[in-house]
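Colleague: Could you walk me through one of the strands in this model, and then through a pocket?
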Amino acid sequence: MTGNSNNAGKRRLRAERRAAEAAAAKAKAEQEAKERRQQTIIGAIATCIILILIAIGAFAIYHATSQNGGAAKATGSDQQSQQATDTQSLSEAKNALAAVSTKPARADDQAGILISKDGYGKKASGAPTVAFYMEPLCPGCASVHRTLDGTLESMIDAGQLNLELHFMTFQDSKSTDEYSTRAFNGALVIAENDDDPQHLLKYLSNIYAEDFQPGELDNYESVSDDQLKRQALDAGVSQEVADKAFDGSTPYAKWLKAADDYTILRTELYGDNGGFSSPTLTINGAYWSTQEPSKAGVEFKAGFLQAIGLSADQVGQAGAMPSIGADGKPLDLG
């Protein structure tokens with residue numbers, strides 16, 4: 001009996017030991033499974049975080065590019081600016097501009113259209129050349145136009161000034177219907193098909209008028225081609241040319257965009273913000289800040305006339321020429 005009892009006790013102990021080992025193995029397996037699940041969850045969370053960061057980074061790059069490289073970044077109520085962010089060189093951009101198949105014949109290789117008393121493409125002898133870089137939605141451009149247009153037209157008629165027009169369209173994204181491209185494609189069609197440059201100048205005055213120029217972004221209200229056509233007709237453009245300029249097509253759209261890409265890489269046009277801004281003026285090729293008159297404490301038109309060396313009572317008088325001539329630099333307003 002004693003032997004049987006001992007054997008039974010040993011069997012019980014072995015069974016208990018095996019049960020304990022099995023329980024321990026099960027607990028270990030469950031713990032390892034739990035840890036694997038936790039690692040899987042942690043890995044999934046980490047992957048999601050990485051993907052989110054990548055998406056945020058991609059959006060930031062896209063936003064910066066669209067704002068600076070292909071559109072515009074507002075720097076205040078009076079100026080609109082943009083900076084080149086891609087790797088395209090100035091020479092590459094100029095070559096791309098030249099390579100556009102449909103281009104205005106009256107534009108030079110820097111996308112400027114010259115106007116003088118002798119018409120398109122001919123400089124008045126001895127007169128300074130003012131280049132005006134403008135964007136149709138730019139409030140500062142409108143301010144310059146409203147202040148100077150009458151003066152510039154009188155000076156051109158008297159042979160006192162050559163005017164070089166540069167049409168920029170980098171704020172298309174601030175409208176809902178590519179207003180900038182449509183407005184300035186129309187201007188180019190007018191320049192190509194109407195031999196009187198005064199009609200083009202008056203069209204520009206009309207679209208920059210306070211009661212016509214649309215707002216930007218949330219303040220933009222769609223402007224139809226018919227509305228733009230009306231401004232051309234009111235400027236003296238013939239019905240035939242106006243119909244062609246605003247027939248719904250934009251044959252010069254690619255050229256305008258190529259002109260944007262080239263112009264914003266021209267460092268000689270950069271202002272204090274380190275990039276291209278509209279409006280930009282140059283006088284005989286020298287950058288002239290539109291802020292100069294206010295810094296000198298004079299009105300804008302008076303400051304402009306002082307910079308070229310012409311008094312207000314000489315404007316429009318044949319034979320009274322700006323003192324800087326065709327080669328001089330803008331005069332100091334100080």
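Modeller: Before the pairing, one definition: two strands pair if DSSP finds at least two bridges between them. Please also keep in mind that this is a predicted model.

Colleague: Fine. How many bridges join E5 to E6, and do they run parallel or antiparallel?
Modeller: Strand E5, which covers residues 129–134, is joined to E6 by six bridges, and the two run parallel. Within this pairing, Met134 stands opposite Phe167 of E6. Between the two strands the chain passes through helix H3, residues 139–157, in a β-α-β crossover that is right-handed.

Colleague: And which way does E3 run against E6?
Modeller: Strand E3, residues 113–116, runs antiparallel to E6 and is joined to it by three bridges; Leu114, for instance, has Glu164 as its bridge partner in E6.

Colleague: Are the faces of E6 covered or open?
Modeller: Both are covered, with Asn162, Glu164 and His166 buried on one side and Leu163, Leu165 and Phe167 buried on the other, and accordingly six of the six residues in the strand, 162–167, are buried.

Colleague: Switching to pockets, what is the volume of the second largest one?
Modeller: The second largest pocket has a volume of about 160 Å³. Its lining includes Glu164, along with Thr129, Ala131, Tyr133, Lys123 and Arg266, among others.

Colleague: Which element gives the most to that lining?
Modeller: E5 does, with three residues.

Colleague: And how do the lining residues divide by chemical character?
Modeller: The lining of the second largest pocket divides into four nonpolar, four polar and four charged residues, with Glu268, Leu269 and Asn284 also among the residues that line this pocket.

Definitions and conventions: Residues are numbered from 1 along each chain as its sequence is written. This is a predicted model: local features need pLDDT of at least 70, side-chain atom pairs count only at pLDDT 80 or more; totals for chains, interfaces and linings use all residues. Side-chain values use heavy atoms; hydrogens and water are left out. Buried means under 20% relative accessible area, exposed over 50%, partly exposed in between (1.4 Å probe, protein chains only). Helices (H or I, at least four residues) and strands (E, at least two) are DSSP runs, numbered from the N terminus. A crossover is right-handed if, with the strands pointing away from the viewer, the path from the first strand over the helix to the second runs clockwise. On a 1 Å grid over the protein atoms alone, a cavity is a set of points where a 1.4 Å probe fits but cannot get out, and a pocket is an open set with protein on both sides within 12 Å along at least five of seven lines; lining residues have an atom within 4 Å of a point. Grid points are joined across faces, edges and corners, and a volume is the space filled by probe spheres set on the points. Ala, Val, Leu, Ile, Met, Phe, Trp, Tyr, Cys and Pro count as nonpolar, Asp, Glu, Lys and Arg as charged, and the others, Gly among them, as polar.
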